[in-house]
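Reader: Could you walk me through some of the labels used for this model? I'd like to see the reasoning behind each one.

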Amino acid sequence: MQQEEQDKTPVDAANSSDRQRKLERQPDFDAALRRPRGPLRWLALGRPLSRGLWQALGDGYLRGDGPADRLVAWMATAGPARVHPLLARALRDGIASVSEAPPPLRAFFDEVEARPAWLDEALLRRGALTCQRAGVAAHHALRDGGLMPGYLAAPINQTLLLTGALERGARRRLGETMQWWLDCTEVGGMARGASGFRSTLHVRLMHAFVRRRVGQMPQWRADAWGVPVSQSDMAGTYLVFAVAFLVGLRVLGVPVTAADARAVVHLWRYVGWLMGVEDRWLIEDEAAGRFLLLHVALSQPEPDESCAVLGRALMDEPLSREYPNLGWLRGPLNRSRHLSVTRLFVSGPQLRALGLPRFGVPWYPLLSAPLTLAWHGLHRLLPGGQERLARSGRARQQALLRPQFGQQRPTLVQVLPVPA
């Protein structure tokens, strides 16, 4: 059995006086040490689990996002006729352009517009270009290596189901996530008022709306699950985009240098900060992110029926895309392709819990990874190759988005609901 880590992490220190009751959703630390790791072994890097970090995650399941939650509480009393025009102007032009902004709106935007001292514009740019050069592999890394395994987190699934995510459809839900990712990974996309900045704040306020709405539902078991869309949940989600993404790219044949990885982590550190993730969870390097993500994954309860409901919906999502041609062939082919990639990131019992076929080989990564590695290696040698790779990669990523929305314009929902 692994021994408890002796050195306190920054998260441990931040939570030394913030002990809360243990939730049913989080297994005991000693039980987590005995849980089978399966494909999660790549996260550990030989380090033993931290009891202090485990406790910090448990505390995080009881906390939401104070600034966003206070703003949504004001929105509930102000009404849509007053809220939407002011919010749209603040998102587009900054809070200084809204001279009549009420104190709750001004307080929120004063905070999010004050960029953190650690922010590095050069790293943001490099991180965005690294994501663009990944091309189609980025989609597989996030969808099949991040989103699908994420459905093993039963309490998070309950939030999705209670907000009607299943009825909205996996295709639309995935398309909105893809559009947000594309916005965030545009060069300059995280500047104030740019697409990634606006989309991330929309996601943050939607999370606050969900916390308010779902937290009031009788079906939500606060004593067992904590707060809907909690700090620990948000930390795990952002780490998928920052850390699981990098591992997935390498598995799929995309070479990622240490400098590129540092830039991607920095980009998503800022996205996480803007999304309301507390500073204690905002990692600075990939190794720290892997270590934290391992704890998040092991702190989830045993899968329940919601895992299979959402897993099967995502498995069949390629069949519902609006392909311009040969949909009868491309739908089943893409379904098989995504399943073959997922097979690399989840174990046999986890496949069963997700309602996925247990048998099969990762044929797509086996065929594509050597070609992808050679293609990227060639572009690293050619003059201007990296720039061409970024342009072609981004074009392929945008092309992937079109079948998700069909004839509708690919965009996030731009009008936030006003909570009751």
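Reader: How many salt bridges does the structure hold?

Author: Happy to help! This is a predicted model, and the structure holds 24 salt bridges.

Reader: What makes the contact between Arg-204 and Asp-65 a salt bridge?

Author: The cut-off is a side-chain nitrogen of Lys or Arg within 4 Å of a carboxyl oxygen of Asp or Glu. For Arg-204 and Asp-65 the N to O distance is 2.7 Å, so the pair qualifies. The two residues lie 139 residues apart, with Arg-204 in helix α13 and Asp-65 in the loop between α4 and α5.

Reader: Why is Arg-204 called buried?

Author: Buried means under 20% relative accessible area. Arg-204 has 3%, so it is buried. Asp-65, with 2%, is therefore buried as well.

Reader: And why does Glu-100 count as partly exposed?

Author: Partly exposed lies between the buried limit of under 20% and the exposed limit of over 50%. Glu-100 has a relative accessibility of 43%, so it counts as partly exposed. Its salt-bridge partner is Arg-89, at 2.8 Å, N to O. Arg-89 is partly exposed too, because its relative accessible area is 25%.

Reader: Why is α15 called roughly antiparallel to α16?

Author: Their axes come within 8 Å and cross at roughly 160 degrees. Angles over 145 count as roughly antiparallel, so the label fits. The crossing is right-handed. Residues that meet there include Phe-241 and Phe-245 in α15, and Val-265 and Trp-268 in α16. By class, the contact has nine nonpolar, one polar and two charged residues.

Conventions:
Residues are numbered from 1 along each chain as its sequence is written. This is a predicted model: local features need pLDDT of at least 70, side-chain atom pairs count only at pLDDT 80 or more; totals for chains, interfaces and linings use all residues. Side-chain values use heavy atoms; hydrogens and water are left out. Axes are lines fitted to C-alpha atoms, for helices over the stretch in contact, and angles run from 0 to 180 degrees between N-to-C directions. Helices (H or I, at least four residues) and strands (E, at least two) are DSSP runs, numbered from the N terminus. Angles under 35 degrees count as roughly parallel, over 145 as roughly antiparallel, 65 to 115 as roughly perpendicular and the rest as oblique. A crossing is left-handed if the near helix is turned anticlockwise from the far one by less than a right angle, and right-handed if clockwise. Contact means heavy atoms within 4.5 Å. Ala, Val, Leu, Ile, Met, Phe, Trp, Tyr, Cys and Pro count as nonpolar, Asp, Glu, Lys and Arg as charged, and the others, Gly among them, as polar. Buried means under 20% relative accessible area, exposed over 50%, partly exposed in between (1.4 Å probe, protein chains only).
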